[in-house]
Amino acid sequence: MEENSKLFIRDLGNGLLLRRGSVADAAALVDINSRMHSDDGPDKPDPGIGAWIHDLVTKPHPTLKPGDFTIVEESASGKIVSTLCLLPQMWTFDGIEFGVGRPELVCTLPEFRRRGLVRAQMEEVHKWSESRGHLAQVITGIPNYYRQFGYDMALNLSGGRRGFEANVPVLKEGELEPFSIRSAGMDDVDFIFQLYEKYEERFGISCKRTPEIIHYEMSDKNVLNISRYEHMVIEDLKGTRVGFFEHSVNLWNGGVTCQYFALIDGASWMEVSPSVTRYLWKKGAEYAERDSLPNTSFGFNLGESHPVYEVMEDRLPVLRKPYAYFMRVPDLAAFLNHVKPALEKRLADSVAAGYSGELKIGFYKDGLRMVFERGRIPLIESTRPDSYADVSAAFPDLTFLHLLFGHRSLDELRHAFIDCFVQDNAARVLLNGLFPKRLSAVLPVS
């Protein structure tokens with residue numbers, strides 16, 4: 001109890017207190033999370049979730065400390081009744097880095113729900129996140145729930161393609177496998193880092209990875225950790241590294257799934273992809289035998305668009321559309337000012353290059369004002385319009401986040417939300433130039 005008093009945040013009343021986590025909480029955090037997050041119900045704890053929690057709390061993590069867990073504790077018994085954590089990370093917006101806080105592993109015992117315990121913890125981790133300079137927060141989770149905390153589902157999450165045994169490319173008789181695939185080692189960390197950095201340039205929004213993060217993901221996770229993936233290096237017959245990919249360590253949807261796939265410049269997706277597909281199918285058969293499960297498919301879980309989908313289109317008949325991340329931006333003006341160089345470059349590359357004037361955006365409670373001088377943006381500020389005759393465009397609730405993160409185009413938003421409107425043609429041109437729909441496939445740090 002003395003140790004817990006050092007971690008104390010505040011009294012929530014009704015015999016409950018809010019505090020930070022510590023290494024001493026590892027077993028209890030594993031217990032509540034592995035039961036509450038189990039797809040098979042609380043009586044059958046999920047060992048993968050338990051291993052993830054144990055790793056986060058007990059092993060050195062590149063961005064998270066044990067104190068980044070919030071815990072609601074029953075004072076009388078010392079029992080943990082609700083908890084979550086904050087995973088700090090760095091993302092990019094057209095290459096410009098910005099800090100992101102990721103609340104995760106949110107759970108509450110059934111008998112303690114509907115008491116505002118998650119709200120109290122979210123308020124706390126939002127403070128932590130903003131104090132660390134994070135300009136946004138992101139969370140994955142059940143539909144709608146996190147909207148009550150200022151989030152909207154405004155960025156693509158996952159999505160992919162799957163095939164079956166009949167779709168696996170077969171080598172011709174006597175033909176050798178043109179590429180070899182091996183487990184990545186520590187000598188490959190710099191290669192993976194550089195290739196990842198280069199490949200991520202194609203995305204509007206990306207999650208940064210340092211060599212330290214890659215090292216952690218490759219070597220410091222328990223074999224049962226649900227967020228662990230195998231890192232594989234692809235080599236040609238001369239032993240030259242031409243790419244890498246990550247795949248699940250268990251069967252998902254009946255087979256092994258590729259989670260990330262990148263090649264060096266000049267390597268042929270058409271030549272390499274069949275070798276990776278054959279590897280995934282073979283690995284699925286190994287896991288199926290290990291776990292006494294059927295191996296029925298292979299998959300690429302690489303977002304909405306990826307080169308492998310194009311070159312293997314006839315072998316990936318099953319489409320899984322993306323879900324979405326919940327995104328939160330507490331200060332839009334601060335975020336836009338931070339990424340202003342990217343916005344100015346977008347403007348320079350658009351038909352609005354060299355524009356002078358202003359753009360007033362309303363959100364039905366407050367708004368933004370952007371001033372342009374010959375293509376530069378000297379001012380972005382928060383405003384509170386007197387009426388909607390004073391704005392150039394308006395977006396209800398948090399719909400502007402879809403535009404900000406390139407998740408939806410302006411026309412798509414206007415089609416889905418009739419009270420998204422644009423007053424004049426200049427506003428339409430500016431919004432399309434500043435906030436085009438962009439491809440993103442974010443792989444967050446876990």
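1. A contact here means heavy atoms within 4.5 Å. In this predicted model, residues 24 or more positions apart make up 69% of the protein chain's contacts that have a separation of 6 or more.

2. The protein chain contains 13 helices and 21 strands. Its radius of gyration is 24 Å, close to the 22 Å that the globule rule gives for 446 residues, so the chain is as compact as a globular protein of that length. The C-alpha trace spans about 75 × 65 × 35 Å along its principal axes.

3. On burial and surface: 54% of the 446 residues of the protein chain count as buried. The area that the chain exposes is about 20,300 Å², and carbon and sulfur atoms supply 51% of this area.

4. On charge: the protein chain carries 51 positive and 61 negative charges. The mean positions of these two sets are 2 Å apart.

5. On cysteines: the structure holds 0 disulfides. For Cys258, the nearest cysteine sulfur belongs to Cys207 and is 17 Å away; a disulfide needs the two sulfur atoms within 2.5 Å, so this pair does not qualify. Cys258 has 0% relative accessibility and therefore counts as buried, the cut-off being under 20%. Cys420 is also buried, with a relative accessible area of 3%.

6. Helix α10 covers residues 340-348, and its buried residues include Lys340, Glu344 and Arg346. Ala342, Leu343 and Leu347 of α10 are buried as well. Which elements cover the buried residues of α10? Among them are the strands β4 (80-93), β5 (96-108), β18 (367-373) and β19 (376-383). The helices α9 (332-338) and α13 (425-434) also belong to this cover.

7. Two residues deserve a look at their backbone angles. Asp94 is not a glycine, yet has a positive phi of about 50°. Asp94 lies in the loop between β4 and β5, the two strands that help cover the buried residues of α10. Is Asp94 buried, partly exposed or exposed? With 28% relative accessibility, Asp94 counts as partly exposed.

8. Arg114, another residue other than glycine, has a positive phi near 60°. Arg114 sits in the loop between β5 and α4 (117-131). Its relative accessibility is 86%, so Arg114 counts as exposed, the cut-off being over 50%.

How values were computed: Residues are numbered from 1 along each chain as its sequence is written. This is a predicted model: local features need pLDDT of at least 70, side-chain atom pairs count only at pLDDT 80 or more; totals for chains, interfaces and linings use all residues. Side-chain values use heavy atoms; hydrogens and water are left out. Helices (H or I, at least four residues) and strands (E, at least two) are DSSP runs, numbered from the N terminus. The radius of gyration is taken over C-alpha atoms; the globule rule is 2.2 Å times the number of residues to the power 0.38. Buried means under 20% relative accessible area, exposed over 50%, partly exposed in between (1.4 Å probe, protein chains only). Accessible areas come from the Shrake-Rupley method with a 1.4 Å probe; for residues, only the protein chains shown count as cover. Lys and Arg count as positive and Asp and Glu as negative; His and the chain ends are not counted. The place of a charge is taken as NZ of Lys, CZ of Arg, CG of Asp or CD of Glu.
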